[in-house]
Amino acid sequence: MLERKTIIFGVLFLLFFSLTIDAQGIPEIIIDDGVYRAGEGWRIDLEGLRIGYLSGSPEEIGIQHGLLMTDDPEELRQKMLDKQPYANPENLRERLMGFFLNTYARFQFYPAFLRHTPEEYIQEMRGFVLGASRGEDKDIYDVMMGNAAQDLEIAACSAFAAWGEATIDGELYFGRNLDHGGMLDLSRYQHLAIYNPERGYRFAVHNYPAFVGTMSGMNEKGLVISSNYSMALKEELAINGLPYMFMLRNVLQNAATIDEALEIIKNTPRTIGLTLLLADGKTPQAVVVEITANRMQVRTQEDYIYAANRFLHPEMKKYQAGGWLSSALREKRLQELITEKFWGQIDVQIARDIMRDRFPPEGYNQENFGQGINHEVNMASMVMVPSRGEFWVAAVDDSEIPFAADSHFVGVDARAIWETGEPPRKELGILEATPREGYEKYWFKAREANLLFGQGKGEKALELLQKVLSVYPRAEMPLLMAGRALIREGEIEKGMEHLERFAALELHSEPFHLMEGYFWLAVVYDQVGEREKAVEYYRKSLQVEVEDMPPVEAGYRYFAEKGMETALQLTPEGRVFIP
Amino acid sequence: MKYFILTILFFSLLCFPVLGAEASEELKIEEILVLGLTRTEEKVVLSQLPFSEGDYWKEEYRRWTLRRLQLLDFFAYDPLKVIVEPLGNENCRVIVRVADPEVLYKEPIEFVFTKGIDLLFRQFNLSLFNPGGMGSNLYFQGGWGNYQHLGITISSPIGAGKGSAGGKIYSNSTGFYDERGLEFKGEYRGWFYPSIRLTGGIDYRTGEINEEKQIIFLPRGELYYNNEFRGEIKASLGVPFSGEDLFFRLQGQVVREFGPLVGVARGGFISGDSPPINYQYRLGGYGTIPLRGQPVELARNYLLGTVEYHFQAGQFIPIIFVDGGWYSPGGTEGLITLGAGMAMEIPLGVIRADLGWDPVRGTTNFNFGFGHSYRPPF
């Protein structure tokens, strides 16, 4: 009997001890002259940019990450959970769907991600949860799903690298915009994390709290990587693989050359379609790696290379899925800016200017207010000079629409931090924010209107657009957007008038939008009973060649073809339907 | 009626083989990459591949590889792919993309669904998928009620195939016939050509059937063909050690699809006047030999033909069918079944319900099952 009691006591003691180990393993946060320190890690806010130094074992790094990089972990957690489908159910059906999806994810997706994720990153996630919860929790489910959720989203990013003849000093400059409409509200939580891991190379990543993987970063060996989505066919996707952000992290931590990085990517069980821009500041050289879950091809070029959101390698084009993300226009602009406007001059500031490009090019005889490389869902922008270990990041503020590339850029000497492990006394430099005046002032309004319209806030969008049009009556994109917004608000005649003005412009910067404009004109002519004119515009819409719209794209083409046969109608909410 | 039955048999037997040579591409395999393993050792997959580095790629390798990997029964349903990636120098890289599932299930919905069905039929079957990473699965079977049994089987890759050993370590059932005793099975299966699978096995059974002692040793061989048509031939020799006569069993099935039209021909034969009841064929019910307008029957010989027409209507697949044939001893005068049904594709496969009517006997029967009636023989 006594023996049994001893065993029970022993088990309880061990259980208690194991719980207190975790609580005791959480270092205290010490604030010293604006520097927040926890263990070997620290965090500072430098000219509006949060910089963290994370050092030690995977668990220690995770704990420092959880303690230092989140001021309000619960608020952040809630924001991430709110992005899940059926996060805020309004009825029993949605509640049941939410329960089913969550249960399924826990038993199917989560174990699959766990199986593929290196133990080191699992320990780091566990550390993060411990740190963020101040030792209260260690269930990594939400963090893992947050990291893996990036495999289920669609975003439109741009990146380029230029070196040799293209740049002012022959060094490699790497520009990158992270554009993600679904994550805009997380932009204010961004940070630059400088890692000093127990194993592997030291590296720096632009990131968000809870992300153990990354979408952009640079390591001490001068290797840089960033990811852009590229929609792949369904059969080229796999959920049973390593979430891609971990793959990028793996590259930064374990590859010193492009060849080593390619070997890691090749041997990773991948999940989705991506174009990865991979650069080595030492050689200097850069390549674009185009991948799906199963396939991989490498694109090379002399002196410069860029990537938007589509495959350009002939072998990979076969696996491109539908969905238009304005890739052709951004590629065209990158090509023009690098090879014509800035050839031989590219430095940090010009690289920043390229990421800030808002179209139209010089000599374009009309106000456009469209997107260039820069646009309204740009949530982060950065420039890296890997040969010097420089990491320049746009310091976004708390605005709902951050317009990151137009914010001021803070230069950080990552190499100095890797070497000393101490916070920088000063930034490398500041690149000023775009002044909000003249054309730019109205560009921000027009782009904000586009985002608001996409979010179903037509009235607010119209308000902004009218302001733009009152100053620039021939503004290309505002005319189109206002036309569409007016139709949605039920003001068909006014909508038609705006679209007619749009169609009558001499130049149209983006074929997709011209196709869109003709289509909506056709629809409004159908609403007022002018069938002949409607058919004419459906035909015009179908005749517009959109280079970067894959043939499987349904949307406008599908409806325009139907519109040729029968008059399309509008719902009270302004949506098209085939009667 | 004889001519009508013969017509059905004739149409269903239009399942002649069309053996076509597959075009080969002149790409040399420079590298083989196995991606996605987290538990299984790479050599388990490599041992199943019908090609190696330095070979020239042939398109038939893809199907062959997938069939061999599926036969092992321990990879997740998705992804399971063979990808050939040109390397630009007349060489290629072959990527075998697989994934280990959880040890207890490949797909959680399937697990819940099949366990629910098990419980409904008073049984419980559990598979452990490759827990040790060397490619061995463990299968446990148990049943209660009228069909009490307890069994265990272990399977393992051996060469480019799969061996398994196990059986029922206890059975006591009082269903169609009373059965008690033990049963051991050992077999080896493998795809030895992209379209041909062979199985060789030995069964040993000792116990009682309807309270009569039965000890039987049964070597067997099976051949499956799956290409433009599907076919199977199974042969076995029953060697009783309990006084009964030696018996020989031969069974076959051919399935051919012509668009929405499917022809199926099935036949079975057992030698001798009174072969053991538990080795006779069971027609109808949940078995693989349909008898859709009549009650479940035992037969020593049968020849059945089916012509079925089905088409896709949204999620549903309406079906019209005609079965014809004869069996002995109960149905030597021949049978015809006219029927209609509905199948539906769900994420786990096809569920199907149909109603068959025998105009000669005047009987009707409602049938429900998983998969099409012309389900693939393997």
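**Exercise 1. Find where B:Arg122 sits, then describe its backbone and its exposure.**

Start with the position: B:Arg122 belongs to the loop that links helix H4 (108-120) to strand S5 (123-128) of chain B. Keep in mind as you work that this is a predicted model. Next, look at the backbone: phi of B:Arg122 is positive, about 55 degrees, although the residue is not a glycine. Finally, count neighbours: 13 other C-beta atoms lie within 10 Å, so B:Arg122 is partly exposed. The cut-offs behind this step are 20 or more for buried and 12 or fewer for exposed.

**Exercise 2. Carry out the analysis for A:Phe403: is this residue buried or exposed?**

Place the residue to begin with: A:Phe403 is in the loop between strand S16 (390-394) and strand S17 (409-413) of chain A. Its phi is near 40 degrees, a positive value in a residue other than glycine. Then count: with 28 other C-beta atoms within 10 Å, A:Phe403 is buried.

For contrast, turn to A:Thr300, which is part of strand S13 (residues 296-300) of chain A. Here 10 other C-beta atoms are found within 10 Å, so A:Thr300 is exposed. As for a partner along the chain, A:His313 is 13 residues away from A:Thr300 in sequence, and their C-alpha atoms are 9.7 Å apart.

**Exercise 3. Locate the cis peptide bonds that precede A:Pro284 and B:Pro79.**

In chain A, go to the loop between strand S11 (274-280) and strand S12 (285-291), where A:Pro284 is found. The bond from A:Thr283 to A:Pro284 is cis, and its omega is near -25 degrees. In chain B, the loop to inspect runs between helix H3 (60-72) and S3, and it holds B:Pro79. The bond from B:Asp78 to B:Pro79 is cis as well, with omega near 0 degrees.

**Exercise 4. Describe how H13 and H15 of chain A pack.**

Two packed helices are described by the angle between their axes and the distance between those axes. For helix H13 (residues 438-454) and helix H15 (residues 476-488) of chain A, the axes come within 10 Å and cross at roughly 30 degrees. Angles under 35 degrees count as roughly parallel, and H13(A) and H15(A) are therefore roughly parallel to each other. The crossing is left-handed.

Now list the residues that meet. H13(A) brings A:Ala446, A:Ala449, A:Asn450 and A:Phe453, while H15(A) brings A:Met477, A:Pro478, A:Met481, A:Arg484 and A:Ala485. Sorted by class, this contact has seven nonpolar, one polar and one charged residues.

**Exercise 5. Do the corresponding job for H17 and H19 of chain A.**

Helix H17 (residues 511-527) and helix H19 (residues 555-565) of chain A pack at about 35 degrees, with axes 11 Å apart. H17(A) passes H19(A) in a left-handed crossing. From H17(A), the contact uses A:Met515, A:Glu516, A:Phe519, A:Ala522 and A:Asp526; from H19(A), A:Tyr556, A:Phe559, A:Ala560 and A:Gly563. The classes come to six nonpolar, one polar and two charged residues.

**Exercise 6. Which strands of chain B supply at least two residues each to the side that touches chain A?**

Begin with the whole interface: 16 residues of chain B are in contact with 15 residues of chain A. Strand S3 (81-86) and strand S4 (91-97) of chain B are the strands you are after. S3(B) gives the most, with four residues. By class, this side of chain B has eight nonpolar, two polar and six charged residues.

Conventions
Residues numbered from 1 in each chain as written. Chains lettered and ligands numbered in written order. Predicted model: local features only at pLDDT ≥ 70, side-chain atom pairs only at ≥ 80, totals over all residues. Contact = placed C-beta atoms within 7 Å. Nonpolar A, V, L, I, M, F, W, Y, C, P; charged D, E, K, R; others polar. Axes fitted to C-alpha atoms, helices over the stretch in contact; angles between N-to-C directions. Parallel < 35°, antiparallel > 145°, perpendicular 65-115°, else oblique. Left-handed = near helix turned anticlockwise from the far one by under 90°.
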